[in-house]
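Trainee: I have the structure open. Can we go through its aromatic rings and one helix?

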Amino acid sequence: MKRLFAYIILAVGVVTTYADNWVKDAEPAILEARYNRIEVTDTLHRDSLFFKDEMILRIGKTKSLFCNVKQFFQDSLKLANPDAAWGMLKAEMDKGNPNVFATLSGHKRSYLYKDYSANAIIEEDYFDMTPWRYKEEWEKPEWKTTDESKEILGYECFKATTDYRGRRWTAWFAPEIPVQEGPWKLCGLPGLILEAYDTNKDYVFVGCGLMNNGLGEVGFYSNRKSDDYFDVKRDKFFNNWWRYKHSNLVAKIKAAFDLNIKETPNENKPKTVNYDKEETDYPHDL
């Protein structure tokens, strides 16, 4: 634990100094919001099978970024100081942590950008041993607002609902914070969205902090070259993810690296998946 703590102290200083060196088309951020994101990973066992990640929404004048705080930290550190990043990884491996990557980088790994000037959304993610990316026209939710209110982070927030990308969403927005932004692709209300969830609460976003001083830049971050990504259409991106979740990763790794390991009984059988993405309106072909 002492070794890991030492690496964290070192990493904080490194990232603070060098993290913005890997941002493209950068501009100063004007606001940063933090959210706790809860994702149910088995709708048959909601109370026990879920992931919780802290997310960052960094907002500029012409673009915004939404990503996992841990993932952002690790990607920054890998570029700024690879030795420190390796030190943190090795410290967890030495402890015998079976979930080392989730511990360091969290569950949600994608970077989601809203490009205001181009009216576009870009998402980058890594799954199935491949870096994927898509760009789509920015389809904003159409909200129905109400007079119902409650307080979140000291701000009076009002309730709004929408049917968006295959789910029914409820959001609570703060008119005192006059930016039409929010977590994930939820946006377009006359105030920052501080809480949102779908009908079944498969996905929940709850605001846990706001900052408007001492912020970094907002732009397009990447620890890979642009040519390294597989650019696909939005439907293909999500269908590839759906196929990946139903496949057996162990069998794929063995095939990819030509590993001669004894086959397990269920190795080539499709997995059962009892959850879906935030957006469900894409082809679910297998």
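**Aromatic pairs and a covered helix**

Mentor: This is a predicted model. A search of the whole structure finds 18 aromatic pairs. Phe66 and Phe205 form one of them.

Trainee: Which kind of pair do Phe66 and Phe205 form?

Mentor: Their ring centres are 6.1 Å apart, and pairing needs centres within 6.5 Å. The planes meet at 65 degrees. Over 60 counts as edge-to-face. So the pair is edge-to-face.

Trainee: How many residues apart in sequence are the parts that this pair ties together?

Mentor: Phe66 lies in strand β4, residues 63–68. Phe205 lies in strand β12, residues 203–211. The pair therefore ties together parts whose separation in sequence is 139 residues.

Trainee: Are Phe66 and Phe205 buried or exposed?

Mentor: The cut-off for burial is under 20% relative accessible area. Both Phe66 and Phe205 are buried.

Trainee: Which residue lies over the face of Trp138?

Mentor: Look 4.1 Å from the ring centre of Trp138. The residue there is Lys140.

Trainee: What distance separates the end C-alpha atoms of helix α5?

Mentor: Helix α5 covers residues 234–246, 13 in number. At 1.5 Å a residue, α5 should span 18 Å. The model agrees, because the end C-alpha atoms are apart by 19 Å.

Trainee: Which residues of α5 are in the aromatic cluster that includes Phe127 and Trp132?

Mentor: α5 is mostly covered, with ten of its 13 residues buried. Among the buried ones are Phe237, Phe238 and Tyr244. The cluster also takes in Tyr134, Phe230 and Tyr282. From α5 it includes Phe237, Phe238 and Tyr244.

Conventions:
Residues numbered from 1 in each chain as written. Predicted model: local features only at pLDDT ≥ 70, side-chain atom pairs only at ≥ 80, totals over all residues. Heavy atoms only, no water. Phe/Tyr/Trp six-rings, centres within 6.5 Å; stacked < 30°, edge-to-face > 60°. Helix = DSSP H or I, 4+ residues; strand = E, 2+ residues; numbered from the N terminus. Buried < 20%, exposed > 50% of the residue type's maximum accessible area, 1.4 Å probe, protein only. Lys NZ or Arg CZ within 6 Å of the ring centre and 35° of its normal. Expected span 1.5 Å × (residues − 1).
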